[in-house]
Amino acid sequence: MTQPMVTGRRVRAVVGACGAALLAAVAVAQGGATVWDGVYTAEQAERGREIYATTCAVCHGPALGGVESAPPLTGDQFNANWSGTTIADLAERIRISMPVDKPGTLSRPQLAALVAYILKVDGFPAGTAEIDPQLVTSSPVKIVSNKPE
Ligand code: HEC
């Protein structure tokens, strides 16, 4: 009688550990995911940081705080502009218009990494799956500045 119970507990523990990742995946698939669900990885954001430093920082500032006509890409003003939109909206905006002096030059992996970095600096958590570069401009993941209940 003891052995099956131990096995049962183990199974439940494994299911529990996978459960969180599974729920996040289901949320993404159903279009209900938000940037609070861990939708990029730390490594992807790190690649984005390097691209940002060489391609964007000259105008938007080293800490994304904005300089003159280039708006901040983090904090209250950024959240006010982008909360309620999606990763697709942000990625597409960057794709078609940035960098201002060379629009349309970013690859999809670069776009996805930049979005990951912007999310990271704005305080949204990293997770275990990257933003898929092929889907970045169609990603339904919602940008919401306040963590949903
Ligand atoms: C030559 C200067 C310059 C460079 C380089 C540049 N930007 Fe911009 N960016 C601007 C200016 C100016 C605006 C506002 C006017 C506009 O939208 O064209 C802007 C607007 C934006 C916006 C819209 C922000 C908002 O809330 O409305 C985003 C997002 C953005 N830039 C991201 C980027 C990223 C990511 C890079 C690097 C790949 C980049 N920019 C490089 C000057 C620049």
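**Exercise 1.** In this predicted model, at what angle do helix H2 (residues 42-55) and H6 pack, and how far apart are their axes? Classify the arrangement of H2 and H6 as roughly parallel, antiparallel, perpendicular or oblique.

*Solution.* The packing angle of H2 and H6 is about 100 degrees, and their axes are 7 Å apart. Angles of 65 to 115 degrees count as roughly perpendicular. H2 and H6 are therefore roughly perpendicular to each other. On the H2 side, the contact is made by Gln 44, Ala 45, Arg 47, Gly 48, Arg 49, Ile 51 and Tyr 52. H6 contributes Gln 110, Ala 112, Ala 113, Leu 114, Ala 116, Tyr 117 and Lys 120. Sorted by class, this contact of H2 with H6 has 8 nonpolar, 3 polar and 3 charged residues.

**Exercise 2.** Locate Gly 104 and decide whether Gly 104 is buried or exposed.

*Solution.* Gly 104 sits in the loop between H5 and helix H6 (108-121). Within 10 Å there are 9 other C-beta atoms. A residue counts as exposed if that number is 12 or fewer, so Gly 104 is exposed. Ile 94 is 10 residues away from Gly 104 along the chain, and their C-alpha atoms are separated by 8.6 Å.

**Exercise 3.** Describe the residues around the ligand.

*Solution.* There are 20 residues around the ligand, of which Cys 56, Cys 59, Asn 81, Met 98 and Pro 99 come nearest. Helix H3 (57-60), helix H4 (75-82) and helix H5 (87-97) are the elements that each give two or more residues to this shell. By class, the shell around the ligand consists of 13 nonpolar, 5 polar and 2 charged residues.

Notes. Residues are numbered from 1 along each chain as its sequence is written. This is a predicted model: local features need pLDDT of at least 70, side-chain atom pairs count only at pLDDT 80 or more; totals for chains, interfaces and linings use all residues. A residue is near a molecule or strand if its C-beta atom, placed from the backbone, lies within 6 Å of it. Helices (H or I, at least four residues) and strands (E, at least two) are DSSP runs, numbered from the N terminus. Ala, Val, Leu, Ile, Met, Phe, Trp, Tyr, Cys and Pro count as nonpolar, Asp, Glu, Lys and Arg as charged, and the others, Gly among them, as polar. A residue is buried if 20 or more other C-beta atoms lie within 10 Å of its own, exposed if 12 or fewer, and partly exposed in between; C-beta atoms are placed from the backbone. Axes are lines fitted to C-alpha atoms, for helices over the stretch in contact, and angles run from 0 to 180 degrees between N-to-C directions. Angles under 35 degrees count as roughly parallel, over 145 as roughly antiparallel, 65 to 115 as roughly perpendicular and the rest as oblique. Two residues are in contact if their C-beta atoms, placed from the backbone, lie within 7 Å.
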